[in-house]
Amino acid sequence: MCGVFGIRAPDRDVARLTYFGLCALQHRGQEAAGIAVSDRGRLTGLRDLGLVTQVFNEGKLSGLAGQLAIGHTRYSTTGSNAWANAQPLIHHGSVRTVALGHNGNLINADALRAELRPGLASTSDSEVIAAMISCNPRPLPEAICETVARIEGAATVVGLAEGRLFAFRDARGFRPLVLGRLGEDPVVASETCALDLVGAEFERDVAPGELLIADEHGTRSMEVFANHPARALCLFEFFYLARPDTRLDGVEVHSARVAMGERLAAEAPVSADLVLPIPDSGTPAAIGFSRASGIPFSEGLIKNRYVHRTFIQPEQGMREQGIRAKFNPLAEVAGKRLVIVDDSIVRGSTTRQIVRMLFDAGASEVHVRVSSPPVISPCYYGIDLASPDEMIAAGDTVQGVCEAIGATSLAYLSLEGLEAATRQPPATLCRACLTGEYPTRVPSGTGKLRFEPTPSSDEGPPRAGSSTELPAARLLARP
């Protein structure tokens, strides 16, 4: 998962606005960040590994002058966590130069890369999109439409080319994208919370299969597909990925998560003394569970918010070490029957350690309630969940998972309850990670690092010293 942001505002500091937009989207990716600007058609980009506040400072932002800007926060799902894969990337094609940021995963990236190699400098699928647009001889709107029509899978994209800002969603709209206005200036972002932070007014959701192009003549909308496939907004966005203050298809995420907790209390009641959230993503559901059950809500677990989210750390060893530094129980849990509420269980290592921590702190019972169904299948559309053999619920019963995590009892929210809480028609949601039923074909090549160079490969990122772009340095590109 990643966060994208874009703005066209000739009379504003677009780099600074993009910086703050990315800060609001930091939860969508913590491995790398970047901003690219267009100054009268001339592209300048700065990207590096790290958080937004680590990559940028006043001096770097002051060097990013322009009338248009895009930004990106990255969590790697295709390609390694390397500088070459940080975004926005800038691709010099035979027709034009394109700066681009991408949220999602392409399921036909292998075939498209085979057509384009050896002219790719990264090992992500995102550069494929930029290369196709930059090498298409047709006018920019048609070049983008033809690219969108050829890609399969998830692609929410922002870009700059020929002095114009463009943004689009794939045909099914797996990942969110919204359009707002800062005065008369258009702003696009992965989530509405980014619009709120920069002071932009929400205008509408960008539709699946829609292309927006903003220039001096205004903002133009184009429908890429005459016949749309079924919509498939990611259900994981509702119960985990999106920020609670974001609105997805008109529904505030916080209120949806509270409703999930209320339904969970009705579906899986339990006698207990306190309801505790696994902060922070489990907090709204815990509030709902407490309200519906009448069991008092308590903080219970104090979170060190200066430690990154453990879901995002790629190595299990790092993940387990992070948990011990991340949570600390309060003394009030001693002797109490606890209900702990979390949004999901994927591998189970986090939950297992928290349950043990609470028992060690003196809890008499620890009942685990999860505001989503069991996660049993991998995601091919932009979430690096885990492989099926790493998923604790894949191939096991609820009782088996309960015993594995050491809880007194365990219950999940039903799929029907989850869908109802989102207030979305079930047919418009992607539920593949919960059901194993995919809205697209299942790709044959799925390894996150499958495009990384091998000793016998002639494809891959340039070796050190062979690139004109340096980490955290500006890249000047021809219009």
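Reader: Buried or exposed: which word fits C193 in this predicted model?

Author: Let's start with the cut-off: buried means under 20% relative accessible area. C193 has a relative accessibility of 1%. With that value, C193 counts as buried.

Reader: Thanks! And how many disulfides are there?

Author: A disulfide needs a pair of cysteine sulfur atoms within 2.5 Å. Take C433, which is buried at 10% relative accessibility: the closest cysteine sulfur to its own is in C234, 6.3 Å away, and that is too far for a bond. By this rule, the number of disulfides in the structure is zero.

Reader: Where is G50 found, and is the residue buried or exposed?

Author: Happy to place G50 for you. G50 sits in a loop, with strand 3 (42–49) on one side and helix 2 (52–55) on the other. Its relative accessible area is 11%, so G50 is buried.

Reader: Which residues does G50 touch, leaving out those up to four places away in sequence?

Author: T73, 23 residues away in sequence, has its C-alpha 9.2 Å from that of G50. For contacts, the cut-off is heavy atoms within 4.5 Å. On that basis, the residues that G50 touches are Q30, E31, A32, A33 and V55.

Reader: Now the rings: which residues form one aromatic cluster?

Author: Ring centres must lie within 6.5 Å to pair. Across the whole structure, a search finds seven aromatic pairs. One aromatic cluster is formed by F174, Y380, Y381 and Y438.

Reader: Which residue lies over the face of W83?

Author: For a charge to sit over a ring, one condition is a distance within 6 Å of the ring centre. Here the distance from the ring centre of W83 is 4.4 Å, and the residue lying over its face is R47.

Definitions and conventions. Residues numbered from 1 in each chain as written. Predicted model: local features only at pLDDT ≥ 70, side-chain atom pairs only at ≥ 80, totals over all residues. Heavy atoms only, no water. Buried < 20%, exposed > 50% of the residue type's maximum accessible area, 1.4 Å probe, protein only. Phe/Tyr/Trp six-rings, centres within 6.5 Å; stacked < 30°, edge-to-face > 60°. Lys NZ or Arg CZ within 6 Å of the ring centre and 35° of its normal. Helix = DSSP H or I, 4+ residues; strand = E, 2+ residues; numbered from the N terminus.
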